Structures are given as C-alpha cells and as structure tokens.
Amino acid sequence: MKRQFAQLLKSTAGVSDADIEEAQRIQAEKGGRIGEILVKKEVITEAQLLEALSLEYDIPFWASLPMDPIGGEATQHLPIHFLKKHLMAPLASKGNPASGGADGQPAVPADQELSGFIIAINDPSAFQALDDLIRIIGVENYQVVLSTKEAILSAINLSYDLNRDSAEQLVQDMEENGATIISEIEDTADLLDDTSDAPIIKLVNHIISQSVKARASDIHIEPYQDSFKVRYRVDGILYDLLTPPKWIQPALTSRIKVMSKMNIAEKRLPQDGRLEVKLGDQDIDVRISTIPTTFGERVVLRLLNKSTSLLSLGELGMTAEQLELLRQLVATPNGIILVTGPTGSGKTTTLYAILSKINTPDINIITIEDPVEYQLRGISQIQVNPKIELTFARGLRSIVRQDPDVVLVGEIRDRETAEIAVQSALTGHLVFSTLHTNDSASAITRLVDIGVEPFLISSAVLAVAAQRLVRVLCNDCKEPYLPDDVALETIGITGEAAAAGAIHQAVGCPNCLHTGYKGRCVIIEVMVMNPKIKSLILQTYDSNRIKKAADMVSLRQDGIDKILQGLTTIEEVLRVTQR
C-alpha cells in the first residue's frame with residue numbers, strides 16, 4: 001500500500017498504525033486490498049474508505065446519487081450484469097439535482113456542479129471497465145464520481161426497472177386473444193434479460209420482478225365476479241399491486257401454469273408446481289398453488305430468495321438473555337425442543353438458525369421437512385412426499401436408524417410422529433420440531449390431545465418456545481411520540497415507562513415503500529420445563545395453569561420491551577399478540 005494512502009486513512013478515518021499493520025499482514029497471507037480488509041474488519045466504513053480514495057485519486061465522492069435514471073438507450077446497450085459486476089452507473093443528468101437524494105437529503109454536494117454525463121464508480125482503479133463503458137455509451141463529455149456499492153446498485157436497479165414497461169402499460173398493450181400465444185414461448189433464465197414481445201409474458205415477468213424488489217414473500221392472484229386483483233405480501237401484510245381487466249385473468253393464470261409445468265387444461269382441481277427464475281444476480285425459487293373458485297382459478301406464488309443468506313440467531317432480534325437461554329438448551333445432548341406459532345411466524349427460520357449454530361463436523365444432523373426451504377451445508381435433509389407414502393412418521397422412523405445426534409422434524413401433526421419423536425428424545429437424540437399453537441403452554445395441551453402420555457411429555461420435552469414476527473420501524477422516517485393513555489393502557493405500558501422509553505410511530509418514506517416499516521424481528525417466549533411444571537403436567541394439562549407456573553417473559557412483555565426500545569409500534573404488537 002502506498003505510504004501516502006496510509007497517511008490519508010490515518011488523517012481522514014483515524015486508523016491506527018496497529019490496524020494498518022494487521023491489515024498488511026492479512027494482505028500478505030490472503031491477498032486483497034488494504035482498504036477492503038479494513039472495511040471487512042469494521043475498522044472503517046465503506047464511506048470512510050471512499051473519502052480517502054477520493055483525495056488520493058482526486059475524484060469527487062457522493063454518498064448518495066441523483067434519482068435521474070440511466071437513459072433508455074443506455075439500458076438497451078448495456079447488460080445489467082456488466083454494470084453490477086464492475087459497480088458502475090452512468091447517470092444522464094441536466095443541471096444540479098441538489099434535492100434528488102433518495103432520503104430527501106441533497107444527492108450532490110452544493111459546491112460540485114454536474115457537467116454533462118455522470119459515471120458513478122466504486123473502484124477508481126478499474127480503468128479497463130470504465131473505458132469499455134465509455135466506449136459502449138459513446139459519450140465524450142462526462143464526469144466520474146465515487147459512490148457506495150449500495151447507492152450504485154440502487155441506481156442500476158431503479159434505471160432498469162423504470163425503463164421496462166409499467167404494469168399498467170403492459171395491460172393496455174394486451175389484446176383479448178393474448179392467451180393463445182403464451183404456450184409458444186418458454187420462459188428465459190433471467191427475467192431482466194427476457195425480451196419477449198408477448199404482453200402477457202412481460203406482465204408476468206413484471207409482477208414477479210416488482211414483488212422481489214419489494215421483498216414480498218407471496219403473490220396472490222384473486223378472481224372475483226367482474227374483476228380480479230394481484231396483491232403481494234410484504235413483512236406479513238398484503239398490499240394491492242395491480243387490478244387488471246377481468247379478461248386478462250385466464251391468460252395470466254395459464255402463463256403461470258405453463259412456466260411451472262402444470263396442466264393448463266385442468267381447471268377443476270387444485271394443482272401445485274414450482275419454478276426457478278433469476279432476477280439479475282438473485283435466484284428465486286417460486287412455489288405455485290392453484291385452486292378452483294366460483295369465478296376462476298385462484299393462484300398463489302410463494303417466493304423464496306435463495307440469494308439471501310440464512311439469518312443467524314443473533315440476527316433474529318432476540319435479547320441477550322433469550323440468546324443465552326437458547327444456547328444452553330441446544331447444548332443439551334437429548335430431549336425435545338418445540339417452536340410454536342401460527343403459519344408465517346418464522347418457526348422454520350428460527351430452527352434453521354439453531355441448526356446452523358450447532359452444525360459442526362463431529363455431530364450428525366438429519367432433517368425431514370415439508371418442504372425443504374433452504375439447503376444447509378453439512379446437513380442431510382429429507383423432503384416429505386405423500387405420493388410415495390414418505391410421511392413425517394415413516395421418515396422419522398428411518399432417520400433414527402441412521403445414527404443421528406440431532407433430528408429436525410418439520411412439524412408434529414399426528415400421534416405416530418409425536419410418539420416416535422418422544423422415543424427418539426428418550427433414547428439419546430436431540431429433537432427439534434414445530435407445533436401450531438397460540439402460546440408455549442398450549443403446546444403441552446396439544447401433545448396430550450394428539451395422544452402422547454403426560455409422563456412422557458414431562459420426561460422428554462426440554463422447552464417450548466412460542467414466537468411471532470413484528471414489523472420493524474423504518475430508521476429513515478420513524479418519529480418519536482408519546483401515546484395517549486388509552487393506547488398505553490391497552491398494551492399494558494405505564495406512563496413512567498413510556499416517558500423513560502423511546503416509543504416511535506410509523507410515518508412512511510420511499511425507502512420503506514411508504515409503509516413506515518422495513519423488515520421484521522421476532523418476539524418470543526421460552527418456557528423451560530422446570531421441576532414445578534413437570535410435576536404440574538402429571539396432574540393436569542390445563543394451559544392456563546401451566547402458563548401461570550412458568551417463570552418466563554411472555555410474548556406481550558417481549559413486544560413491550562421492543563416498543564420501548566423504538567424498534568416497533570404498539571399497533572404491531574397488539575396485532576400479533578391480541579388475546
């Protein structure tokens with residue numbers, strides 16, 4: 001590394017000599033660049049690195065970029081992969097967009113006037129790629145600026161999205177015989193590279209790409225008597241996406257069925273299918289379900305983004321005490337740990353995070369799931385298949401003969417599965433599973449109702465965790481406020497606690513799609529089976545009495561703690577914990 005750049009890092013970012021020497025040692029061993037190593041070690045931020053590079057290369061640094069999209073002609077000649085690979089964004093600008101930042105702040109420093117074409121780059125040493133870009137777009141008067149990876153990728157995605165036909169325009173372009181052409185064209189590998197002229201294909205691709213961009217988990221296509229609606233679910237809440245004319249419905253449904261290799265002629269029976277699509281550098285696994293209704297087929301697409309990494313236990317939003325309690329439980333050599341909650345409450349994500357935590361070469365982990373949502377390296381995963389009678393019970397019975405240390409059963413649905421899981425726990429295996437109950441104490445009642453003997457439950461079950469997902473407030477637009485007495489009384493927060501806490505409310509901005517929320521975190525209650533509860537189970541399995549005997553932080557109380565920390569709102573906690 002140049003001595004001059006080292007001095008720049010010291011003066012602009014306050015990097016110590018020890019940090020630079022450590023980065024140089026890592027560079028000698030593993031290669032890479034000093035600046036990137038320091039960013040990876042969290043000694044400096046990416047912005048601090050770019051500020052130093054800005055001084056070294058005499059290139060302006062812009063923390064955010066103007067919202068002017070790349071020109072339409074440029075997007076036609078430039079592959080999106082080229083721009084994303086080299087982290088470059090050409091911005092066609094006129095004048096100084098001092099108010100064009102994504103967060104409402106000035107996108108460009110007031111003392112830096114734009115001159116013609118702007119090219120934002122992240123790596124000032126990538127001269128070859130920059131020369132190629134200039135040659136492709138054919139501009140002479142241009143200015144190069146430095147910007148962050150996030151800002152450049154946002155500019156690229158925005159430009160390519162705006163220069164594609166809008167959903168409304170695609171609907172207007174469609175003709176009534178659109179359904180007749182959909183079977184002639186196969187879907188391409190990457191939706192962004194799909195140049196099919198058929199309006200129905202463009203519309204389906206647009207719906208999927210818009211939903212992925214909005215971080216949606218599901219797309220709903222719902223038929224009604226004289227209309228139909230396309231909605232998507234973001235952070236657990238359904239939002240309207242599009243309301244096309246009724247005559248487009250058969251073509252849209254048929255196109256999706258063609259993509260997922262379903263029988264398009266069969267409209268009277270429910271069908272299931274799946275497909276994989278690419279959207280830029282993202283791999284999306286789509287599971288499709290259709291059911292016949294009075295006014296046509298209803299279609300739901302479940303989107304699983306394989307490109308996103310699995311969350312660790314620390315990223316779920318649990319407190320330090322809850323994390324420590326879970327770590328102690330999963331270190332136990334045998335027993336059953338249950339995670340309960342309604343559909344879509346993050347049970348599988350929590351169990352995957354636990355398995356990733358304990359996954360080491362010296363233990364044998366086998367799972368049986370329906371479906372296998374994510375592939376876990378080093379773990380054997382079995383997919384339930386009722387068509388060949390591979391059920392949870394049958395699969396679990398075979399797993400026990402495979403000498404496992406840890407077993408994950410996707411869900412305990414019947415007596416046979418429950419009994420085999422209990423026997424596995426009693427014979428030296430650590431078993432994880434899920435149940436559909438409202439709280440942790442109700443899991444005991446549910447097991448007894450299925451047919452498991454109370455003495456077996458008290459012997460085998462280590463703990464029951466009940467959880468919900470609450471939406472997290474958007475950091476860019478949330479506002480502090482003091483709720484009225486009625487709201488505080490409803491949730492159970494005292495006036496003193498509200499005054500001492502940091503209660504915020506949702507507002508809405510472009511970064512959170514004007515919802516006021518961005519992302520979700522877990523609220524959880526963990527009921528550990530202590531001697532008092534075990535003794536009580538042998539006498540009664542009344543969930544109310546068991547809950548009173550459990551010394552634990554309840555779901556509502558955990559939600560209140562997150563309200564007082566300014567992470568979520570009173571309305572969110574009430575929505576998921578309403579008694």
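**View 1. His504 in strand 17, in a predicted model.** His504 is found in strand 17, which covers residues 504-505; like everything in these views, it comes from a predicted model. Is His504 buried or exposed? His504 counts as buried, because its relative accessibility is 15% and the cut-off for buried is under 20%. A polar atom of the His504 side chain lies 2.7 Å from the backbone oxygen of Ala502. Now look past the neighbours within four places in sequence: His504 is in contact with Leu473, Lys478, Glu479, Pro480 and Tyr481, and also with Gly566, Thr568 and Thr569.

**View 2. The open sheet and its strand order.** Here we step back to seven strands that form an open sheet, running in the order 12-11-13-14-10-15-18 with mixed pairing. Strand 12 and strand 18 are the edge strands, each pairing on one side only. On average, neighbouring strands of this sheet are turned by 20 degrees against each other, direction ignored. Helix 23 (residues 570-577) packs on the sheet, where it touches strand 15 and strand 18. The direction of helix 23 makes about 140 degrees with that of strand 15.

**View 3. Strand 13, covered on both faces.** In a regular strand, side chains alternate between the two faces of the sheet. Which residues of strand 13 sit on each side? Val406 and Leu408 are on one side, Val407 and Val409 are on the other, and all of them are buried. So much for the faces; now for the partners. Strand 11 (residues 365-369) pairs with strand 13 in the parallel sense over four bridges, and Thr367 has Leu408 as its bridge partner in strand 13. Strand 14 (residues 430-435) also pairs with strand 13 in the parallel sense, again over four bridges. In that pairing, Val407 stands opposite Val431 in strand 14.

**View 4. From strand 13 to strand 14 by way of helix 15.** Follow the chain through helix 15 (residues 415-426) and you have a β-α-β unit made of strand 13, helix 15 and strand 14. Its hand is right-handed. The two strands of this unit pair with each other in the parallel sense.

**View 5. Strand 18, an enclosed edge strand.** Strand 18 (residues 517-528) is largely enclosed by the rest of the structure, because nine of its twelve residues are buried. Keep in mind that strand 18 is an edge strand of the sheet, pairing on one side only. Its pairing with strand 15 (residues 461-473) is antiparallel and spans ten bridges. Two pairs help you find your way: Ala463 has Val528 as its bridge partner in strand 18, and Leu469 stands opposite Val522 in strand 18.

**View 6. Helix 16 and the glycine just after it.** How many residues of helix 16 (residues 440-450) are buried? Eight of its eleven residues are, so to speak, tucked away, and the helix is mostly covered. The buried ones are Ser440, Ala441, Ser442, Ala443, Ile444, Leu447, Val448 and Ile450. Just after helix 16 comes Gly451, with a positive phi of about 130 degrees.

**View 7. Helix 10 crossing helix 11.** Two packed helices are described by the angle between their axes and the distance between the axes. The axes of helix 10 (residues 199-213) and helix 11 (residues 249-259) come within 10 Å and cross at roughly 75 degrees. Helix 10 and helix 11 are therefore roughly perpendicular to each other, since 65 to 115 degrees counts as such. From helix 10, Ile200, Ile201, Leu203, Val204, Ile207 and Ile208 take part; they meet Ala251, Leu252, Arg255, Ile256 and Met259 in helix 11.

**View 8. Backbone details in three loops.** Start with Pro371, in the loop between strand 11 and strand 12 (380-383). The peptide bond leading into Pro371 from Asp370 is cis, with omega near -5 degrees. Next is Asp58, in the loop between helix 4 (46-57) and helix 5 (72-77). Asp58 is not a glycine, yet has a positive phi of about 55 degrees; it is exposed, with a relative accessible area of 69%. Last comes Asp403, in the loop between helix 14 (392-399) and strand 13. Phi of Asp403 is near 55 degrees, again positive in a residue other than glycine. Asp403 is exposed, with a relative accessible area of 61%.

Technical notes
Residues are numbered from 1 along each chain as its sequence is written. This is a predicted model: local features need pLDDT of at least 70, side-chain atom pairs count only at pLDDT 80 or more; totals for chains, interfaces and linings use all residues. Side-chain values use heavy atoms; hydrogens and water are left out. Buried means under 20% relative accessible area, exposed over 50%, partly exposed in between (1.4 Å probe, protein chains only). Two strands pair if DSSP finds at least two bridges between them. A crossover is right-handed if, with the strands pointing away from the viewer, the path from the first strand over the helix to the second runs clockwise. A polar contact is a pair of N or O atoms within 3.5 Å; within protein, one must be able to donate a hydrogen and the other to accept it, and residues adjacent in sequence count only if both atoms are side-chain atoms. Contact means heavy atoms within 4.5 Å. Axes are lines fitted to C-alpha atoms, for helices over the stretch in contact, and angles run from 0 to 180 degrees between N-to-C directions. Angles under 35 degrees count as roughly parallel, over 145 as roughly antiparallel, 65 to 115 as roughly perpendicular and the rest as oblique.
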